[in-house]
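Trainee: I would like to go through the labels attached to this model and see what each one rests on. Can we take them one at a time?

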Amino acid sequence: MPGETMLTGEVSNSKVVAVFASATAAREAAASVQATLGLQPTQVDLLLPGEAHPRRKLEPESQGIWKTIVRAHIRLGIVGAVLGVVAFAVLYFAGLQFVVRSPVASVLVLLFFGTTAGLMLGGLVALRPDHDRFVQHAVTALDEGRSSVVVHAFSSEQRALAAQALEALGGETTSTL
């Protein structure tokens with residue numbers, strides 16, 4: 001069952017792109033992988049040379065991206081703040097002199113750095129660095145006149161099965177994490 005994860009606001013966090021030499025091979029692969037894996041029609045996209053807006057098919061969930069940005073920052077910022085307070089408690093009860101003598105300053109500093117670290121990690125999640133390679137592979141193939149099949153998987157298992165099926169059909173695959 002598809003659904004948003006705890007940190008992202010997208011339904012399909014796992015994606016696979018397979019590049020084929022011809023449009024015919026890509027069409028056949030798209031139909032085959034959809035039928036073989038029982039994917040919904042909205043989960044499989046075909047990118048052909050001359051495509052007007054290929055990035056929309058590669059990353060169709062624009063509202064989900066904004067949810068990801070907000071959700072990742074808020075949740076990881078809170079986790080970082082909690083870890084900062086936990087670090088303060090550990091250091092305080094361990095008897096570290098600076099922390100024991102200046103508990104307010106210490107808790108504020110550790111809270112600040114913990115929250116900052118959480119927000120930075122939230123930014124990394126929102127940037128989705130694993131998607132850059134995926135998108136670039138498909139766009140480069142289009143520029144070279146080749147066609148691609150994009151599978152928007154609902155799980156990492158479904159992504160792995162789609163990648164295996166597309167590779168077996170002769171596609172050069174790249175996927176997100």
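Trainee: Why is S32 called partly exposed?
Mentor: This is a predicted model, and in it S32 has a relative accessibility of 26%. Buried needs a value under 20% and exposed a value over 50%, so S32 at 26% falls in between and counts as partly exposed.

Trainee: Where is S32 found, and how far is its C-alpha atom from that of V86?
Mentor: S32 is found in helix α1. The C-alpha atoms of S32 and V86 are separated by 52 Å, with these positions 54 residues apart along the chain.

Trainee: What makes the arrangement of α1 and α7 oblique?
Mentor: The axes of α1 (residues 23-37) and α7 (residues 156-168) cross at roughly 135° and come within 10 Å. Roughly perpendicular ends at 115 degrees and roughly antiparallel starts over 145. The angle of roughly 135° lies between those limits, and α1 and α7 are therefore oblique to each other.

Trainee: Which hand does the crossing of α1 and α7 have, and which residues make the contact?
Mentor: The crossing of α1 and α7 is right-handed. From α1 the contact takes A29, V33 and L37, and from α7 it takes L161, A162, A165 and L166.

Trainee: How do the residues of the contact of α1 with α7 divide into nonpolar, polar and charged?
Mentor: They divide into 7 nonpolar, no polar and no charged. Ala, Val and Leu count as nonpolar, and the contact is made by residues such as A29, V33 and L161.

Trainee: How do you know that S147 is buried?
Mentor: The relative accessible area of S147 is 1%. Buried means under 20%, so S147 qualifies. S147 lies in strand β3 (residues 147-153). Leaving aside residues up to four places away in sequence, S147 touches A18, V19, F20, S22, A23, A26, L47, L48 and P49.

Trainee: Why is H152 called buried?
Mentor: H152 has a relative accessible area of 4%. With the limit at under 20%, H152 is therefore buried. H152 lies in strand β3. Its C-alpha atom is separated by 15 Å from that of T36, with the two residues 116 apart along the chain.

Trainee: Is T176 buried or exposed, and where is its place?
Mentor: T176 has a relative accessible area of 2%, so under the 20% limit it is buried. The place of T176 is in the segment after β4 (172-175). T176 and S156 are 20 residues apart in sequence and 9.2 Å apart in space, C-alpha to C-alpha.

Trainee: How many aromatic pairs are there, and what makes Y92 and F93 an edge-to-face pair?
Mentor: The count comes to 3 aromatic pairs. The rings of Y92 and F93 are 5.5 Å apart centre to centre, with 85° between the planes. Rings pair within 6.5 Å and count as edge-to-face over 60 degrees, so Y92 and F93 meet both conditions.

Trainee: Why is F93 called exposed and Y92 partly exposed?
Mentor: F93 has a relative accessible area of 70%, which is over 50%, so F93 is exposed. Y92 has 32%, between 20% and 50%, so Y92 is partly exposed. F88, Y92 and F93 form one aromatic cluster.

Trainee: What makes F112 and F113 an edge-to-face pair?
Mentor: Their centres are 5.2 Å apart and their planes 75° apart. The distance is within 6.5 Å and the angle over 60 degrees, so the pair is edge-to-face. F113 has 54% relative accessibility, which is over 50%, and therefore counts as exposed.

Note on methods. Residues are numbered from 1 along each chain as its sequence is written. This is a predicted model: local features need pLDDT of at least 70, side-chain atom pairs count only at pLDDT 80 or more; totals for chains, interfaces and linings use all residues. Side-chain values use heavy atoms; hydrogens and water are left out. Rings of Phe, Tyr and Trp (its six-membered ring) pair if their centres lie within 6.5 Å; planes under 30 degrees apart count as stacked, over 60 as edge-to-face and the rest as tilted. Buried means under 20% relative accessible area, exposed over 50%, partly exposed in between (1.4 Å probe, protein chains only). Axes are lines fitted to C-alpha atoms, for helices over the stretch in contact, and angles run from 0 to 180 degrees between N-to-C directions. Helices (H or I, at least four residues) and strands (E, at least two) are DSSP runs, numbered from the N terminus. Angles under 35 degrees count as roughly parallel, over 145 as roughly antiparallel, 65 to 115 as roughly perpendicular and the rest as oblique. A crossing is left-handed if the near helix is turned anticlockwise from the far one by less than a right angle, and right-handed if clockwise. Contact means heavy atoms within 4.5 Å.
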